[in-house]
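User: I am new to this structure and would be grateful for a guided reading of its backbone and its helix packing. Please take me through it in questions and answers.

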Amino acid sequence: MAQHILSAVESEISSGKTKGDPSERDLCVTLDDRDLWVRFQCFTNEMIVTKNGRRMFPVVKVSVSGLDPKAMYTVLLEFVQIDPHRWKYVNGEWVPGGKAEVPPSNPIYIHPESPNFGAHWMKEPISFAKVKLTNKCNGNGQIMLNSLHKYEPRVHLVRVGTEQRGVMTFPFPETQFIAVTAYQNEEVTSLKIKYNPFAKAFLDAKERPDSIYNREYSPTYAQQQTQYSQYGSWFLQQPIYPAVTATVQLSTCDRYSASSPLRNNRHQHIYQSGSTCDKFPSNSAVRGNRSSPYPTPQRPKSSSESPPPNGI
């Protein structure tokens with residue numbers, strides 16, 4: 001009888017008043033995402049432990065069937081230290097590296113939905129996604145583990161509210177791992193990044209699905225880049241000024257000789273749409289004057305002035 005498991009749920013057991021015989025003859029507990037766990041098992045899985053606690057990946061998740069729908073159960077996850085020695089990573093493999101430390105006391109996580117009816121536990125997979133592993137005893141409900149030691153998570157089902165205090169244990173060797181403060185095997189690191197949805201930021205830029213490297217070669221993205229360019233916080237349609245017009249202006253201005261009256265003009269760049277330099281006559285008002293944003297109206301001829309004589 002696992003007394004330490006029973007002591008963890010003593011409050012649920014003592015508070016129950018329902019009596020009855022267990023009816024878990026066809027009880028079955030299966031590990032979800034087993035194929036993913038096996039991938040990590042091939043390289044000796046590693047789990048990070050930190051002072052503040054780190055969540056596991058993959059997540060221990062099981063599906064249960066065969067429980068008494070009307071009976072009350074508490075579900076627990078225990079981390080059992082299974083080796084009598086420490087481990088060290090040498091030349092790309094884990095090897096024994098000394099005597100093991102004393103296992104932490106009571107590394108048991110009680111599922112937050114416990115206790116609950118058997119019907120509740122069977123309606124959907126039981127996930128332990130909120131479990132956090134630490135290497136410091138901080139008393140925040142986290143699971144304390146010894147670094148560089150191997151552990152095996154085991155699921156326990158305890159029927160509460162009855163005089164029969166039975167513990168049903170289900171070990172899963174595929175979930176064994178070594179607690180580390182930093183990943184040692186690069187293969188394990190790659191698997192964590194590849195399959196953990198919360199670790200996609202660590203992917204190489206070319207491997208990200210929304211990478212700019214992929215967008216540059218996307219037809220849609222290339223077409224957008226030819227139509228728009230970013231200027232500060234505004235998107236302006238290209239081209240801003242027709243390239244042909246700018247070429248004509250420069251080519252016509254170059255036709256003037258060194259004695260052109262525009263040489264001494266302070267403003268030689270005339271920003272007038274659709275105009276070129278050779279449109280200005282030799283007696284243009286622009287000669288010798290500063291450019292004005294508005295045209296200067298000509299003074300009307302005075303009626304007192306007499307016209308010049310004929311022949312002059």
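**Backbone details and a helix pair**

Analyst: In this predicted model, Asn91 counts as exposed, at 78% relative accessibility. We may begin with that residue.

User: Where does Asn91 lie?

Analyst: Asn91 has a positive phi near 55°, although this residue is not a glycine. As for its surroundings, strand E6 (85-90) comes before Asn91 and strand E7 (93-99) comes after, so its place is in the loop between E6 and E7.

User: Thr44 also has a positive phi. Is Thr44 buried, partly exposed or exposed?

Analyst: The phi of Thr44 is about 65°, and Thr44 is not a glycine. Thr44 lies in the loop between helix H3 (34-41) and strand E2 (46-48). Its relative accessible area is 26%. Buried would require under 20% and exposed over 50%, so Thr44 is partly exposed.

User: Which residue is joined to Pro58 by a cis peptide bond?

Analyst: Pro58 lies in the loop between strand E3 (54-55) and strand E4 (61-65). The peptide bond leading into Pro58 is cis, with omega near -5°, and it comes from Phe57.

User: What is omega for the cis peptide bond of Ser114 and Pro115?

Analyst: Pro115 is found in the loop between strand E8 (108-110) and strand E9 (116-117). The bond that joins Ser114 and Pro115 is cis, and its omega is about -15°.

User: How many disulfides does the structure hold?

Analyst: Two cysteines may be described by their exposure. Cys28 is partly exposed, at 35% relative accessibility, whereas Cys42 is exposed, with a relative accessible area of 61%. A disulfide requires a pair of cysteine sulfur atoms within 2.5 Å, and the number of disulfides in the structure is zero.

User: How are H3 and H5 oriented to each other?

Analyst: The axes of H3 and helix H5 (residues 186-195) come within 10 Å. They cross at roughly 155°. Angles over 145 degrees count as roughly antiparallel, and therefore H3 and H5 are roughly antiparallel.

User: Which residues in H5 meet H3, and what classes of residue make up the contact?

Analyst: From H3, the residues in the contact are Leu36, Arg39 and Phe40. Their counterparts in H5 are Val188, Leu191, Lys192 and Tyr195. By class, the contact of H3 with H5 has five nonpolar, no polar and two charged residues.

Terms used
Residues numbered from 1 in each chain as written. Predicted model: local features only at pLDDT ≥ 70, side-chain atom pairs only at ≥ 80, totals over all residues. Heavy atoms only, no water. Helix = DSSP H or I, 4+ residues; strand = E, 2+ residues; numbered from the N terminus. Buried < 20%, exposed > 50% of the residue type's maximum accessible area, 1.4 Å probe, protein only. Axes fitted to C-alpha atoms, helices over the stretch in contact; angles between N-to-C directions. Parallel < 35°, antiparallel > 145°, perpendicular 65-115°, else oblique. Contact = heavy atoms within 4.5 Å. Nonpolar A, V, L, I, M, F, W, Y, C, P; charged D, E, K, R; others polar.
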